[in-house]
Structure formats: structure tokens, C-alpha cells
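User: Hi! I have just opened this one and could use a friendly tour. Can we go through it together?

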Amino acid sequence: MTIRNTAVLGGGVIGAGWVARLIENGHDVAVFDPAPDAQRRLEAALANADAAYAKLYTAPRRPKGQVRMAGSVAEACAGADLIVEAVPERIGIKHRVYAEAEDSAAPDALIASSTSGIRPSDLQAPLRHPERLLVAHPFNPVYLLPVVEIVGGKRTSEEAIARAMAFYPTLGMKPVRIRREIEAFVADRLLEALWREALWLIRDGICTTQELDDIVRYGFGLRWAQMGVFDTYRVAGGEAGMRHFMAQFGPCLKWPWTRLTDVPEFDDALVDLIAGQSDAQSGHIPIRQLERIRDDNLIAIQKALQGTGWGAGALLAEHETRLAAEAPEPDWTGPLPTFAIRVPAHWLDYNGHMTESRYLEAFALATDGFMRMVGLDAEAIAAGHSLFTAETHIRHLAEVSREEDIAVTTQVIAAQGRKVHLWHAMRAGERLLATAEHLLIHMDLRRRASADPPPAVRRRIDHVAALHARLPRPEGIGRHVGQPKG
Ligand SMILES: NC(=O)C1=CN([C@@H]2O[C@H](COP(=O)(O)OP(=O)(O)OC[C@H]3O[C@@H](n4cnc5c(N)ncnc54)[C@H](O)[C@@H]3O)[C@@H](O)[C@H]2O)C=CC1
Ligand SMILES: C[N+](C)(C)CC(=O)CC(=O)[O-]
């Protein structure tokens, strides 16, 4: 059964993240949260998520789904194909919302709990249809971090697991099925081990919260973001790899390096110590702003990894390819909408505006958009057909600032034989910011030589070139550097 309508129960940190990811991918969502300020918090979180997606995706985004605030759990769940539970981490509250959900939901609607560590067998115990409940444990911010741990309980059906495993990739996520249910699954076991050790280090005055965070973010956090634990240690073993690493560091496990199973006394003194240091570290930055800083950094990291085709970046590339393939046919008669983005933080320079290399990146991505439209998509490139750029002329006409929504349209000036002459115009609303004139040559990637485009691509290029021949010639075409304005 396809998942279309969804319900999210609990609109807090995690529920709001789910709502953002669902509507971004075209699903309608009914949200129930009894808190009086729930809608305000949800809207603030959705605004941050929307800003993040506008910077993350350069492929055309899906038409957004609708959000509706429901008056009760039962009302939210009526007609839902997927019920996302994100209520507080208390089994009693979770059981109460499931009972109410089952009163109105179809018996085969999936129930996906966001629990951080409660076993799905315990969650599904009182359900009338326990086979449809599983854990889909996400990570904060749900709208940007792709991984989701999928955990079935004793009574979860394989069909429910299979539906979940098929569904989350459509949201751009990476579901990882946990082979056997245990409390806290995989990630929170790892995170808690680190957190417990961190609490000891602060309590014992070995370092402050700031120093500990610096050690993570200037060091092994960067390794983890792209290689995880085991590939990192494989490389750390040098040419001899993992066996050498284990031989060298295995014995240290018996040395008193960690206090892992010990828990520090979680008293007021410890809370005051940690909270005080944390306030000194970041108390001057409001939480929503800290969230935006975190999001900008997560976007920059994932975009960098997209460039290397690795890990979360490879997944992002895959999702963007899917989004591009779904994009509706453009109106071929006018300049084509080939690229749009909200200018992300990592596109700025020391002058406080978009740096020059990003103009070329935006125009290059617009060329990619044009290529997809005429059939030179990922499949055609894999078959050896592509365009190479032979010449480029960019004009920078106005400043482009951070968070500005920019869009590029593309006009075909000429297309003869193996050559395609394009004119890109970058605008913010009606304001013209920059133009680019490109000459591209169709190539056979296997021979690394120019070649005629395949017939289907030829037909599309000729069709659009004929339509665009009726458009006025853009102002500024054919200019050379230093030419007086006129
Ligand atoms: N915050 C985090 O870092 C992560 C949390 N989780 C899990 O997600 C779940 C939700 O956690 P958060 O979003 O962090 O908590 P939260 O406290 O931010 O949000 C919980 C929301 O549930 C609402 N709520 C309370 N009773 C309700 C009811 N009967 N029906 C509907 N809504 C109700 C509250 O008003 C609140 O808005 C928990 O199971 C948690 O373990 C999972 C991954 C990460
Ligand atoms: C702290 N936490 C247990 C709620 C964390 C998670 O469950 C995952 C995350 O986002 O770190």
C-alpha cells in the first residue's frame, strides 16, 4: 500500500522534524499536539526546515504537502496511511496515544514510533494490530539527518518492515534495519557511552564543555561524519589496516581509559556545573539561531560529501536525481527554469556576499538542469553522452546576499551540430543579478571526443532552439571584457 496521507502525534523537536520532511516530499500531514503553544513551535521549526531545504537542494523540489492541526489523536489518524509517533519518552503516554489512534486508523496503517530506546515489543504489547508497529528512530534534526534506525518487535510483520524500508528512501533517508531489538538500539548505545564519559570528564574538572566540544568538532567528529568508526580505524592501522590497528590498540581496552559503565551521581551539582558551562559557551546565541547555524554547517558538510560522492553526500545526490526525474515538463516556449537555490552560508565570502566562483557553480548547475530537460540525464551520461563547456562569459550585475532566493533561466541561442550556445540569466524575483553565456560541445565520454548527440536528444535540442529563436536576443550577449556599457 502506498503511503500518502500521514499523521504525526507530538509536534515537538522530533515531531516537527518529521512534519518538515514529510511535507517537503509531498505528503499531507495531520498533526496532534495538546500543548497550547504547539502550533507556534511547529511553525518556527518548519520555517527553519524550509530555509534549510531551500539551500540543500539544487534539484527541483517536490510540491509541498499540506499541514493540518488536528483536535485529537483519533482525528489526526483517520485516513492516515502512516502514523508517526513522537510523543514524550514515557511508555504510558505512548500506549495511550496508540489506543486512541487504533480507534480511528485503518488496521493496516503503519505506526512508526520515534522512541530513542524503548523496545518495540514493549510498545506494541497492548495494540489490537501490533503487527503494524515498528520503531523508526530518527536523529535531530530529522529534516537534515538522513539515517533512521528501523526496529521490529516480536509481533511486527515482515510486511510492515518492508514497507518502512521502501518508504524512507523516498524521503531522502537511509533506513538501517537493526537485526535484533535491544533497548536504545545502536546509535543511542554509542551516544550514551560517549555522553557518560563526557559527564565524568566535566565533573572531575578534566575539561570544560567548551573544551570537550572543541576536541570533538576539531577532531574525531570530522572523521565520524564521513567514515564512521570502523573505516576510520582501518585507515588508522596504516597499510596493515584493521588487523594492525586491533593488535596495537586492543590491549588498551584493559587499561583504565574509560569509566563507561559507571554513572556519575546525576545530582543538582552536576546539572548546575554542566548547564553553567554550557551557558558560558553558547548562552548568548538564541536556540533557534543555534539551530540555523547547525543547519548551515550540516548543509555545507553534506554538499561537500555530495562533491566527493561519499556517504550522506552520495545519498543526497541519489535523492536529487530522483527529484529531477520527477520534475514536470517545462514550458518550452520561454527561457527554461533550470536552477534555484537560497544562497547558503558556505557560498559567501569576506565581502559579505556570494563569492564569484559560486556564480559559475550556479550557472553550471543550470546547464545541468538544461541537460536533464533535453534528455542528457544521469542515464544518458552513464551511456556516454554529455556536454563539455568550451567557453564561458559571466557578468556580475548586482550583489547577491546570504539567504537570497535566486533562480536561473536558460535560453538556447543556437544549437548546430555538436555545439549548443546557451544564455543563462540569474534573478532574485525580477531583479537581474548576473548573466552567463556558455558554448558547449556534445561529447562521447567513452572516446573523450566530440560527437553528435543521440537522436532523441537532438530532436529535443532542435525543438527548444526553434522555439527560442522567436525570443528577443538577450541584452548583453556577445559582450567582451572591458567593453563600455552601452
Ligand atoms: N530530541 C531528540 O534528540 C530525539 C528524540 N527522539 C524521541 O522522539 C520522541 C519525542 O521527543 P522530542 O520531540 O524530543 O520531545 P519534545 O518534548 O520536544 O516533544 C514532545 C511533544 O509531544 C507533545 N505531547 C505530549 N503528550 C502528547 C499526547 N498525548 N499526544 C500528542 N502529543 C503529545 C508535547 O506537547 C510535545 O510538543 C521521544 O520518544 C524521544 O525519545 C528521537 C530522536 C532524537
Ligand atoms: C538524546 N537522545 C537519546 C534523544 C538522542 C537520540 O535519540 C538521537 C539523536 O538525535 O541524537
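User: Let me jump right in: how do the residues lining the second largest pocket divide into nonpolar, polar and charged?

Analyst: Happy to help. This is a predicted model. The lining of the second largest pocket has 26 nonpolar, eight polar and 13 charged residues.

User: And what volume does that pocket have?

Analyst: The second largest pocket comes to about 1,200 Å³. It is lined by 47 residues, and those closest to its centre are Ala59, Pro60, Ala324, Gly369 and Arg372.

User: Which element gives the most to that lining?

Analyst: That would be helix 14, with eight residues. Several elements supply at least two residues each, among them helix 2 (38–56), helix 12 (287–308), helix 13 (311–326) and strand 11 (405–416).

User: Which domains does the lining draw at least three residues from?

Analyst: Domain 1 and domain 3 each give at least three residues to the lining of the second largest pocket.

User: Where do the domains run along the chain?

Analyst: The domain assignment puts domain 1 at 5–185, domain 2 at 188–284 and domain 3 at 329–468. If you compare the C-alpha centres of domain 2 and domain 3, they are 46 Å apart.

User: OK, new topic: ligands. How many residues surround ligand 1?

Analyst: There are 22 residues around ligand 1, and the closest are Ile14, Asp33, Glu89, Lys94 and Ser116.

User: Which N or O atoms of the protein sit by its oxygens, say at Ile14, Glu89 and Lys94?

Analyst: Let's take them in turn. At isoleucine 14, a polar backbone atom is 2.9 Å from an oxygen atom of ligand 1. At glutamate 89, an N or O atom of the side chain is 2.5 Å from an oxygen atom of the ligand. Lysine 94 also uses its side chain, with an N or O atom 2.7 Å from an oxygen atom of ligand 1.

User: What percentage of the area that ligand 1 exposes when taken alone does the protein bury?

Analyst: The protein buries 74% of the 830 Å² that ligand 1 exposes when taken alone. Two elements each give two or more residues to the shell around ligand 1, helix 1 (13–24) and helix 4 (91–104). Helix 4 has the largest share, three residues.

User: How many nonpolar, polar and charged residues are in that shell?

Analyst: The shell around ligand 1 holds 11 nonpolar, seven polar and four charged residues.

User: Now the other ligand. Which residues are around ligand 2?

Analyst: Ligand 2 has Ser116, His137, Phe139, Asn140, Asp188 and Leu191 around it. You may remember Ser116, which is also among the closest residues to ligand 1.

User: What about polar atoms there, at serine 116, histidine 137 and asparagine 140?

Analyst: In serine 116, a polar side-chain atom is 2.9 Å from an oxygen atom of ligand 2. Histidine 137 likewise has a polar side-chain atom, 2.7 Å from an oxygen atom of ligand 2. Asparagine 140 uses its backbone, where a polar atom is 3.0 Å from an oxygen atom of the ligand. On its own, ligand 2 has 320 Å² of accessible area, and the protein covers 52% of that.

User: And how does the shell around ligand 2 divide by class?

Analyst: The shell has two nonpolar, three polar and one charged residue.

User: Which peptide bond is cis, the one from which residue to proline 141?

Analyst: The cis bond runs from asparagine 140 to proline 141, with omega near 5 degrees. Asparagine 140 is one of the residues around ligand 2, and proline 141 belongs to the loop between strand 6 (133–137) and strand 7 (147–152).

User: What about phenylalanine 185, is its phi positive or negative?

Analyst: Phenylalanine 185 has a positive phi, about 55 degrees, although it is not a glycine. You will find phenylalanine 185 in the loop between strand 8 (174–177) and helix 7 (187–203).

User: Last one: how many cavities of 30 Å³ or more does the structure hold?

Analyst: It holds one. The largest cavity has about 80 Å³ of space. Its lining includes Arg21, Tyr57, Tyr143, Gln302 and His319. Helix 13 gives the most, with four residues. By class, the cavity lining has eight nonpolar, three polar and one charged residue.

Terms used:
Residues are numbered from 1 along each chain as its sequence is written. Chains are lettered from A and ligands numbered from 1 in the order in which they are written. This is a predicted model: local features need pLDDT of at least 70, side-chain atom pairs count only at pLDDT 80 or more; totals for chains, interfaces and linings use all residues. Side-chain values use heavy atoms; hydrogens and water are left out. A residue is near a molecule or strand if one of its heavy atoms lies within 4 Å of it. A polar contact is a pair of N or O atoms within 3.5 Å; within protein, one must be able to donate a hydrogen and the other to accept it, and residues adjacent in sequence count only if both atoms are side-chain atoms. Accessible areas come from the Shrake-Rupley method with a 1.4 Å probe; for residues, only the protein chains shown count as cover. Ala, Val, Leu, Ile, Met, Phe, Trp, Tyr, Cys and Pro count as nonpolar, Asp, Glu, Lys and Arg as charged, and the others, Gly among them, as polar. On a 1 Å grid over the protein atoms alone, a cavity is a set of points where a 1.4 Å probe fits but cannot get out, and a pocket is an open set with protein on both sides within 12 Å along at least five of seven lines; lining residues have an atom within 4 Å of a point. Grid points are joined across faces, edges and corners, and a volume is the space filled by probe spheres set on the points. Domain bounds come from an automatic or database domain assignment.
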